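Please consider the protein shown below, with its sequence and its three-dimensional structure side by side. The explanation leads from a helix to a strand, then to the surface and the cysteines.

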Amino acid sequence: MENEPKLNHFDENGKAIMVDVSEKEDTVRIAIAKGIVTMKRETLAFIENGEIGKGDVLGVARVAGIMAAKKTYEIIPMCHPLMLSKCQVDFHIDTDKSQINIEAIVKTTGKTGVEMEALTAVSAAGLTIYDMCKAVDKEMIIEDIHLAKKTGGKSGIFINER
């Protein structure tokens with residue numbers, strides 16, 4: 001089992017640890033994460049027409065995603081605090097499927113990647129959409145949150161082909 005991937009957040013005794021990245025090279029690292037919020041058609045129309053009483057749903061969700069990315073290390077126990085050089089959260093409305101597609105792009109130059117920051121941004125944006133619209137649609141589904149692509153670091157480029 002020599003070539004099997006090893007979980008690096010555990011020591012040789014199985015105790016949870018924060019990975020030591022001090023010997024790693026600084027590289028430009030970018031991660032793209034995606035997710036979907038599916039809702040009733042009426043809810044999507046309310047969002048598009050600015051008729052949700054709490055305000056600009058996608059504007060607030062964008063800010064929530066960016067803020068969450070910056071604070072990922074505070075909520076995911078073994079994440080390193082990172083200085084992000086970019087965090088962009090975008091939305092694409094798919095009226096045919098009654099969905100909002102969320103995409104987060106996060107970038108840094110450093111010793112560890114930004115996958116968790118991108119995933120956290122998408123999650124927080126989706127949760128914010130839910131929170132702002134739950135009064136009119138408690139059946140919304142936040143789904144398919146996943147890493148779409150990452151670049152940088154020793155492992156290089158990863159593209160999620162699914």
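The following paragraphs treat selected parts of this model, which is predicted.

The first part to consider is helix α1, which comprises residues 41–48. Its buried residues are Thr 43, Leu 44 and Ile 47. Around the helix axis these residues cover an arc of only 100 degrees, and therefore they lie on the same side of α1. On the other side of the helix, Arg 41 and Glu 42 are exposed. What, then, covers the buried residues of α1? The cover includes the helices α2 (57–70) and α4 (115–133), together with the strands β2 (86–94) and β3. After α1 comes Gly 50, whose phi angle is positive, near 65 degrees.

Strand β3, which contributes to the cover of α1, extends over residues 99–110 and contains Thr 109. Is Thr 109 buried or exposed? Its relative accessible area is 52%, and a residue counts as exposed when this value is over 50%; Thr 109 is therefore exposed. When residues up to four places away in sequence are not counted, Thr 109 touches Thr 27 and Val 28. A further relation links Thr 109 with Ile 30: the two residues are 79 residues apart along the chain, yet their C-alpha atoms are separated by 8.7 Å.

Attention now turns to the surface. Leu 127, Ile 142 and Ile 145 form a nonpolar patch there, and together they have about 230 Å² of accessible area. One of these residues, Ile 145, is located in strand β4, which consists of residues 141–151. The relative accessibility of Ile 145 is 34%, so this residue counts as partly exposed.

The last topic is the cysteines. A disulfide is a covalent bond between the sulfur atoms of two cysteines. How many disulfides does the structure hold? The number is 0. Cys 87, for example, is in no disulfide: the nearest cysteine sulfur belongs to Cys 79 and is 14 Å away, whereas the cut-off for a disulfide is a pair of sulfur atoms within 2.5 Å. Cys 87 has a relative accessible area of 17%, and Cys 87 is therefore buried, since the word buried applies under 20%. Cys 133 has a relative accessible area of 1%, so Cys 133 is buried as well.

Definitions and conventions
Residues numbered from 1 in each chain as written. Predicted model: local features only at pLDDT ≥ 70, side-chain atom pairs only at ≥ 80, totals over all residues. Heavy atoms only, no water. Patch = residues over 30% accessible without salt bridge, like charges linked within 9 Å, V, L, I, M, F, W, Y side chains within 5 Å. Areas by Shrake-Rupley, 256 points an atom, 1.4 Å probe, with all protein chains shown as cover. Salt bridge = Lys/Arg side-chain N within 4 Å of Asp/Glu carboxyl O. Helix = DSSP H or I, 4+ residues; strand = E, 2+ residues; numbered from the N terminus. Buried < 20%, exposed > 50% of the residue type's maximum accessible area, 1.4 Å probe, protein only. Contact = heavy atoms within 4.5 Å. Arc of directions from axis to C-beta.
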